[in-house]
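I set out to record the overall make-up of a protein chain, then its internal space, then one lysine. The entries follow in that order.

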Amino acid sequence: MSLRSRFDRLGHVPDIEDAVAAQRRAVALAPDVHPNKTTYLSNLGISLQVRFDRLGHIEDLTDALLMKRRAVELASDDHPDKAAWLTNLGNSFESRFGRFGNLEDLEDALKAKRLAVEITPDNHPSKPIYLNNLSISLDTRFDRLGDPQDLEDSLAAMQCAAELMPDDNPNKPNLLSNLGVSLRSRFDRLGHLQDLNAAIAAARRAVQLMPDDHPGMPGCLNGLGVSLQASFDQSSYLPDLESAIASLRRAVELMPDDHPEKPPLFTNLGISFRSRFDRLGRLEDLEDAVLMGRHAVAFTPDDHPDMPTRLNNFSISLQTRFKRLGHLQDLEDAIAVQRRVVNLTPDNQPTKPARLSNLGLVLELRFGRLGQPDDLEDALTAGRRAVELTPNDHPDKSIWLTNLGNSLETRFRQFYDFQDLEDSIAVHRSATVRTPDSHPLQPLYLSNYGTTLHLRFILLENLQDLADASAIWRRAVNLMPDGHANKSARLFNLGISMRSQLHHSPSQSHFSSSFNCFMDASVNASGLPHVRLRAALECASICRDFSQFDGSYEMTLRAHQTMLDAIPPFIWLGQGIPHRFEQLSTMHIGSAITAAASAAIAAGKPSRALEWLEEGRSIVWGQLTRLRNPLDDLQAHDPVLAQRLRKVSVALELAGQRSTMTVSGEKPGTLQDSTFITSSSRLSLEDEAREHRKLANEYETLLGEARKIEGFEHFMRPKTLAMLAPAYSEGPIAVINVDRSRCDVLILSPSENLIHVPLPNLTHQIAMNMHSQLIACLGPGARRRDTRAVRVQTTGVGMQRILRLLWERIVHPVLVALDDQGRLLHMTWCATGPLSSLPLHAAGIYGETDKPTPKASDFIVSSYTPSLSALLSARAQQRGPVASANPKILIVSQPQTPGQRPLPCTVAEAATVTKHFPENATHLDDSCATVDAIFDSMMQHDWVHLACHGEQDPRSPTGSAFMLHDGRLELSRLMGMSHARAELAVLSACQTAKGNDDLPEEAVHLSAGMLAAGYQSVVATMWSISDEDGPVLADALYAALKRNLAAGKGLRVAYALHEATTKLRVTVGKDNFARWVPFVHFGI
């Protein structure tokens, strides 16, 4: 099946030939009574049909019909796949009708397809497909015979299919305080920043003059916090927001719980938490915003006049959480709350338009999620009503206009009624015309206006629209002061219009204008990190697409360097590790890094390519490594600074490990105690988050101080080639870059600084296909250690082809370039993209018995590393050239893990390890192997051997875990370990070297976690292993390790594993790839 799938993607005839041959063998070997015989027949028939469609051999079509007919005849009437086989049979009959024109074939096709429809219930997901196929055949007969009934039946079948298919196929202090409130109100009305600044000054003075125990202090603090929040809204200056939250939190703490003015304090604090979430993306801020909104509503009587206001803010927090987590219930609750707000607000109340507009926003969100047209219509109705109720001279009318314009644009994108686009343009134009350029929101209105004009240009290609959009976006840019956080976004939009001009009329001036807009957006230090990064990516994109223009070579390299410079603010140390991984996935940074390396190689700068790959891959691991770097040189020069930096680094690492906050135990309709506000015994989660960001800023400040010292200018900066070279030790390191434009290997070796090996016969698509086929070959059984070995599909042919391709297109060219004959070379692989999960160590030509064939294991001993820095860290932790001859070993076995399949052979495996090192082993078995016990014991031992279930969590990169007696020892916890004694970890579990497919450049797997924890060498598995193979592999591995130690050679783990897998291969058979291939070595 995988061969045929690859043929469907690539069109390589040998793939379909091999598929037919393999499936013929399966059919021949299976007797008619075999339960899978019908499946084998059907699969063979489909492949024969595919080959007929490709090559036109009539015998293939004849055989296809024969196989499919036999499959149908052998299948019982209640077989769940019979309808599928009937419709496939009908397709072949229709194919033969198309070839020969025999009406009998068409009648047989209709008969088979009708039966497929008849035996399939309406709620079956395939019923629409069968109806569709029947409709096609009826239409074919209508074309041939002209019977109107065929056409009617064809239409009826198609309509039925459409109906069945689902629709789915965000005093003096008091006086000063009151003065501040008044100034802020005028600012809200007119938008004059001097009023806001004066309001903040008055509020600050009020707080300074007010005694802490004065009952008016909460009100003063509230006024200050709200004004600081307004300032942040204008400038995106984060310290204003942090100060606002600090003031509002203190106000809440000082206000008695039964005070009638406490609910508005909850509301305002919730607004600020939500703002910080919007800025930093910390989920705990959003959870607190929702919790504060819930408190505000719960403590407010139903008939209180401010209830609508508090409900309104609560609704906004709910809709924001929906946008972040996608929980539909949050959106439903937000809509219900907002409808209540609108119903409680009289039409003559000034706040009614704002509340209507908010209702429109949440309804539009639900439309985007569920696609129900009524929601979009109701959103437009609410938006129009908000505009109608607002006087023309009201300063906020432009807000409701732009929201309405956005809803109209949404309806246009959904239904393509051009009038909606015209109306959206008109509404946005009105918002901009009635707003003075001095208004802080005018750039936003202009931006939305420009967006609709640019959309119309894309559709109609009217150059005047493009010119107008460009002029409007340029005006928005000019209105933004330099250093404003949103200026990057405005420059980005302007760059989009310049890019459109470049595509429409390629010229040097358009190329330069587009590049400069995106570059200016990217280098704006106060810009939002994601905008800056996107702008840098656009720079690189246009350089790649328009390389014919002068300066594109230099500009391409500059663009990629700017992109790399924009990554640290985006993947910020001030965020938790899970959030950083999420950010990496959403922006596809990995592919951007490989593109940068390709550009550097094409420019004749392989050294820069290697440096960029090292800087841009394993980013989170790299951050963790830098936090743990020894500071010996700095200690010698400035011990005080070194001590400060060491202290902040430890605290920052711990802050990054903290779990995301959840409102534990909260039930719908209940109210949690706000212990995080009133507790004096520990830091609240909000305080922890703020402290985390403070630590990140302090860390960056300390690095800046260190870099001012002569000789420390490059302290903790990305490593140069000269700094990376010591990663080489026993053998070459091959860094493989897989990009859509080209594929190359950069080899770090002792004889030459850097060897560049182009891979002209490898493409990104081929690598992706190998990755996909590997998954298909392994099948669903490859997820965890089991008593049954994983079965490689298609009798190993697919795996043979993968290993052959790896040999011919990667490993062999590398060996030719090295030209190192006569000894077993130790090669360390550092692969990118889809190659990062492929077994390069097992590359070779298999399946040919008539002559010896080359295999990677004949020439090299293979290791892997997530990065060169990981090797440098491992070497830095070596105790000396020779490992301890008496290592302390922790052995963990889990034969009966609760909730998991039994692993009886883990006991024998543990006994095998103990046999080789009886004096130094500590064995924790079964119920003794708890999460805490294992974690604590690991810190007391040099080696650890884990024989248990392992699990990769595709939804949460740091959630992968070892399954122990009382729970999961997760990667997130291992990442927090720093083990100075660690030498070797043997992970005899499943998927311990399998990364996350969405983050192939980040090596988010358990083996990388063990390297980061301090282990110099890690033996891991790429996929599921057979339980019975654990003892065999362990016996050979530890015997080899013991011999190496006795001979004074050191551990030489890679060589020991090489020897062990060779013995396992002999035991299970070299073609039983699933059992010997998965074992791999990471580190030194």
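The entries below concern a predicted model.

Entry 1, the whole chain. I looked up the secondary structure first and found 46 helices and 14 strands in the protein chain. I then turned to burial: the chain has 1084 residues, and 55% of them count as buried. For the surface, I noted that the chain exposes about 45500 Å². Carbon and sulfur atoms supply 51% of that exposed area.

Entry 2, the largest cavity. I recorded about 170 Å³ of space in the largest cavity. Its lining comprises 17 residues, and those nearest the centre are His841, Ser862, His1058, Thr1061 and Phe1079. I next asked which elements give two or more residues to this lining. They are strand 5 (860-864), helix 45 (1053-1068) and strand 14 (1079-1083). Helix 45 gives the most, with 6 residues. Sorted by class, the lining of the largest cavity holds 9 nonpolar residues, 7 polar residues and 1 charged residue.

Entry 3, lysine 82. I located lysine 82 in helix 5, which covers residues 82-100. Is lysine 82 buried or exposed? Its relative accessibility is 9%; the limit for a buried residue is under 20%, so lysine 82 counts as buried. I then listed its contacts, leaving aside neighbours within four places in sequence. Lysine 82 is in contact with Val72, Ala75, Ser76, Asp77 and Ile119.

Notes:
Residues are numbered from 1 along each chain as its sequence is written. This is a predicted model: local features need pLDDT of at least 70, side-chain atom pairs count only at pLDDT 80 or more; totals for chains, interfaces and linings use all residues. Side-chain values use heavy atoms; hydrogens and water are left out. Helices (H or I, at least four residues) and strands (E, at least two) are DSSP runs, numbered from the N terminus. Buried means under 20% relative accessible area, exposed over 50%, partly exposed in between (1.4 Å probe, protein chains only). Accessible areas come from the Shrake-Rupley method with a 1.4 Å probe; for residues, only the protein chains shown count as cover. On a 1 Å grid over the protein atoms alone, a cavity is a set of points where a 1.4 Å probe fits but cannot get out, and a pocket is an open set with protein on both sides within 12 Å along at least five of seven lines; lining residues have an atom within 4 Å of a point. Grid points are joined across faces, edges and corners, and a volume is the space filled by probe spheres set on the points. Ala, Val, Leu, Ile, Met, Phe, Trp, Tyr, Cys and Pro count as nonpolar, Asp, Glu, Lys and Arg as charged, and the others, Gly among them, as polar. Contact means heavy atoms within 4.5 Å.
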